[in-house]
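Q: I would like to learn how the packing of helices and the lining of a pocket are read from a model. Could we go through them one at a time?

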Amino acid sequence: MPSIDKSGTFTLGDRSVKRLGYGAMQLAGPGVFGPPKDHDSALAVLREAVARGVDHIDTSDFYGPHVTNRLIREALAPYSDDLTIVTKIGARRGADGSWLPAFSPEELTQAVHDNLRNLRLDVLDVVNLRIMFDAHGPAEGSIEAPLTVLAELQRQGLVRHIGLSNVTSAQVEEARRIAKIVCVQNQYNLAHRGDDALIDKLGSNGIAYVPFFPLGGFNPLQSSTLSGVAQRLGARPMQVALAWLLGRAPNILLIPGTSSVAHLRENLAAAELDLPEDAVRELNGVAMAA
């Protein structure tokens, strides 16, 4: 059985976690809305992830909403001591499945309590504040007000550690003046490397960077380059993309998501994939292939 231990570890809050984790978003229904197509399969994916050594699961109570957290609770509670569950607040779902900001003190406080209840936890390991000034990507603006609410919930003992999601470098700096930040979760992959400088700065400060959409937004030329490298190495494109991210910086933590046990195993096998130097050079050029 392939081991994800080869991916190494990095500090997340007061935990040392393996760098290859699991994101639970795809366990909900289509559009991350409603129940899964196959309830038992969703439980099987979570149990398989933990059985294969995953000790970092990313989720949110607005996935579903409430769906993925309840699946995690059903599949894995009571949780092992070494499992770190990271959730996020700052958004809610409309009746039509739309993604809406939820920044008021009341909404943020309710979101923390919803996560606690649906995960069946007394305290949340890490809570990412998802910034929703623009649902399509980071947008400038002060995050002091919502972050102050989250910091107060931390002081109350409901949250151990605070992270950020969908943020700019300026917002990270603002946040670090208000609270200790343990991770930043943004879109980043071979084709979208706008956070290169931020990743390195965070790493120098011991802060984890958690990229999402490891294959999101590739154009045909970029996809063909990735597929060509994967074919030469006898690997899947997703495995190559994940292996490249693991090699990009030691503070990168991965949370690839899937609702399939077979795909989960393929993703976790990326920890075993060693990319030769010529492949890395070719992959490094993908972002330039517009």
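**Helix packing, then the pocket**

A: In this predicted model, helix 3 passes helix 4 in a right-handed crossing.

Q: How are two packed helices described, and at what angle do helix 3 and helix 4 pack?

A: In general, two packed helices are described by the angle between their axes together with the distance between those axes. Here helix 3, which covers residues 105–119, and helix 4, which covers residues 144–155, pack at an angle of about 40°, and their axes are 10 Å apart. That angle is why helix 3 counts as oblique to helix 4, because the oblique class takes the angles left over once those under 35 degrees, over 145 and from 65 to 115 are set aside.

Q: Which residues make the contact, and how do they divide by class?

A: On helix 3 the contact is made by Pro105, Leu108, Thr109 and Val112, and on helix 4 by Pro146, Val149, Leu150 and Leu153. By class, these residues divide into seven nonpolar, one polar and no charged.

Q: How is empty space found, and how much of it lies in the largest pocket?

A: Rolling a probe the size of a water molecule over the atoms shows where empty space is left. In this model the largest pocket holds about 730 Å³ of space. It is lined by 35 residues, of which Met25, Tyr63, Arg130, Phe212 and Phe213 are the closest to its centre.

Q: Which elements give two or more residues to that lining, and what is its make-up by class?

A: The elements that do so are strand 10 (181–187) and strand 11 (208–212), and strand 10 gives the most, with three residues. The lining of the largest pocket has 18 nonpolar, twelve polar and five charged residues.

Notes: Residues are numbered from 1 along each chain as its sequence is written. This is a predicted model: local features need pLDDT of at least 70, side-chain atom pairs count only at pLDDT 80 or more; totals for chains, interfaces and linings use all residues. Side-chain values use heavy atoms; hydrogens and water are left out. On a 1 Å grid over the protein atoms alone, a cavity is a set of points where a 1.4 Å probe fits but cannot get out, and a pocket is an open set with protein on both sides within 12 Å along at least five of seven lines; lining residues have an atom within 4 Å of a point. Grid points are joined across faces, edges and corners, and a volume is the space filled by probe spheres set on the points. Helices (H or I, at least four residues) and strands (E, at least two) are DSSP runs, numbered from the N terminus. Ala, Val, Leu, Ile, Met, Phe, Trp, Tyr, Cys and Pro count as nonpolar, Asp, Glu, Lys and Arg as charged, and the others, Gly among them, as polar. Axes are lines fitted to C-alpha atoms, for helices over the stretch in contact, and angles run from 0 to 180 degrees between N-to-C directions. A crossing is left-handed if the near helix is turned anticlockwise from the far one by less than a right angle, and right-handed if clockwise. Contact means heavy atoms within 4.5 Å.
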